[in-house]
Every structure is written in C-alpha cells, then in structure tokens.
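I opened my notebook for a fresh look at this one, and you are welcome to read along. Here is what I looked up, entry by entry.

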Amino acid sequence: MITYEGIIKNEVFKKINNGGNTLKKLVIDLGHGGHDPGAVGKGGTKESEVVLKIGKYLESMLKEVDLDVRFTRMSDKYVSLGDRVEFANNFGADYFLSIHINSASDSSVRGVEVWQYNNDDKNLNEFCSSLCNEISGIFNIRNRGMKLSKSLYVLKNTSMKSALLEVDFISNSFCEKDLDNEDNLKAVARVIKDNVLKLYNIKTSEPILYKVCIGAYMDKSNAISCMNTAKSKGFSDAYIIF
C-alpha cells in the first residue's frame, strides 16, 4: 500500500468549524519524481525538483485555507501515473491539478500552457486562462493558452475535472535560469493558490500584494542606483531581487 504525503488536512471528511459542512477537495499532482526526473535542462535542472519546490510553497500557502488539499508526493519519490489517478479518484476530489515543466527540441521555445480533457467546465476554463495569463507575466513569456488532449493519462483517467499545467520550457536556457530563482517559484505558487481560491469561490481576508519591477541589470551598481532613485521618489519599500 502506498503512503501518500503532503496531506494538509488529516481527515477526508473534516468539517469546517463554524458551519459543519464538508470541506471541498483538491488534489495537486507534482509530476515525475524519484528515478523519473522528467525533463532536464542543459544545466542539469530537473523538472521533478522544480515542481516539488513549487508544491512545497503551495503547501505552505494553502495551510490556512478552508480546502482539503492533498498532494500525490511531497518528496523526491516515484509515483506511477496509475497510482496518482487512483489516489485522486479514491479521495473524491472536486478538481485535480497536475504541475509540470515542458521541454522541446527547439531550445528557443518558451511559454506557459494548460491542458484539459475537455472545456465543458466554465470555472475550470477561467482557472486555466488565468494561470496562463499570470504565469506568462511572471517570466515575460508567451501565453500559449489552454489546450485539449484526449491522450494525457491523468486527464483521461481521473473521474473529476482535471488540468495539467506546463509552467515553461526547461529546454530553454533562460527558462532554466528563471526556474533557479526561488522568488519566481514562489510567485508561480502564489498565482496557483490565488486562482485555486477563485476556482472554489473561497473568500480570504489576506491582502493581495502586487509587485512592480522597474528593471533588471547585469551591473549591480545600476540596480542600486535605480533602487535609490525609486526611494527618492517616495517608494521607500523598494528593494533589489537577486
């Protein structure tokens, strides 16, 4: 029997304290793992490790949310596609989200896309569209949009509405560098978290913070100068991201 990790709420039928209602359920699938690294960048970055980092940030962000969230893995372990699907189906999730990093033979390709089995769920369509819009903004990459596939195993065999997110193309060297930045991975996790809340119509009192980037510089002195200029204009909370 497989032990699944990353259970945020311990009981399947745990109740919301103030209402006695069963929590809605979500399964987040972190692609590959263990002896299956998934796509690997030229610099050696593994898809399995990147999505695991995103998953750990997501786990932390979703802890206080009124949602029963379970992950198919929360360590570098191999879980078969069949076991991932069986776990989600047995759990009875309302939605299933699988997170991956893409790859292509053409190393110039970049972009974010989300796959579905069909597009007959309006709420999931909006969720997928928002993921593409917002993640493309994080990396300033192409929004490849929502696509349909009848062959992707987890989409075909899960009994609930499912989506598969391809964050970017790790075969691109600039992508690989971007995915080595923890702030970028946190930003991806936050986009997913915020859109999960919208998908489930969950209200939160947590304020949404919008970050503004002025520029990116190879020379640190130019970055410092830009930050000081911003502060002199009244933006006292300006800071440098490495």
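**Entry: a tyrosine and its partner.** I began with Tyr 200 and asked: is Tyr 200 buried or exposed? Tyr 200 has a relative accessible area of 3%, so I noted it as buried. I kept in mind that I was reading a predicted model.

Next I searched the whole structure for aromatic pairs and came back with two. In one of them, Phe 87 and Phe 91 are stacked, with 10° between the planes and 6.4 Å centre to centre. These two phenylalanines both belong to helix 2 (residues 81-91), where they sit four residues apart, about one turn of the helix. I checked both for burial, and Phe 87 and Phe 91 are each buried.

Tyr 200 turned up in an aromatic pair with Tyr 95, this one edge-to-face: the centres are 5.6 Å apart and the planes make 85°. Where in the chain do the two tyrosines lie? Tyr 95 is in strand 3, while Tyr 200 is in the loop between helix 6 (182-199) and helix 7 (220-232), so many steps along that the pair, 105 residues apart, links distant parts of the chain. Tyr 95 has 11% relative accessibility and counts as buried because the cut-off is under 20%.

**Entry: charges over rings.** I also looked for charged ends above aromatic rings. Phe 91 has one: the charged end of Lys 25 sits over its ring, 5.2 Å from the centre. Another is Lys 150, whose charged end sits over the ring of Tyr 117 at 3.9 Å from the centre.

**Entry: a cavity.** How many cavities of 30 Å³ or more does a search of the whole structure find? I found one, and its volume is about 40 Å³. Tyr 95 appears again in the lining, which also includes Phe 96, Leu 124, Lys 161 and Leu 199. Strand 3 (95-102), helix 3 (122-139) and strand 6 (161-169) are the elements that give two or more residues to this lining. By type, I noted eight nonpolar residues, one polar and one charged.

**Entry: strand 6.** I followed strand 6 to its neighbours. Strand 3 runs parallel to strand 6, and seven bridges join them; His 100 has Glu 166 in strand 6 as its bridge partner. Strand 4 (residues 112-116) pairs with strand 6 in the antiparallel sense, over four bridges, and there Val 114 stands opposite Leu 165. Why is strand 6 largely enclosed by the rest of the structure? Because eight of its nine residues are buried.

Key. Residues are numbered from 1 along each chain as its sequence is written. This is a predicted model: local features need pLDDT of at least 70, side-chain atom pairs count only at pLDDT 80 or more; totals for chains, interfaces and linings use all residues. Side-chain values use heavy atoms; hydrogens and water are left out. On a 1 Å grid over the protein atoms alone, a cavity is a set of points where a 1.4 Å probe fits but cannot get out, and a pocket is an open set with protein on both sides within 12 Å along at least five of seven lines; lining residues have an atom within 4 Å of a point. Grid points are joined across faces, edges and corners, and a volume is the space filled by probe spheres set on the points. Ala, Val, Leu, Ile, Met, Phe, Trp, Tyr, Cys and Pro count as nonpolar, Asp, Glu, Lys and Arg as charged, and the others, Gly among them, as polar. Buried means under 20% relative accessible area, exposed over 50%, partly exposed in between (1.4 Å probe, protein chains only). Two strands pair if DSSP finds at least two bridges between them. Rings of Phe, Tyr and Trp (its six-membered ring) pair if their centres lie within 6.5 Å; planes under 30 degrees apart count as stacked, over 60 as edge-to-face and the rest as tilted. A charge sits over a ring if NZ of Lys or CZ of Arg is within 6 Å of the ring centre and within 35 degrees of the ring normal.
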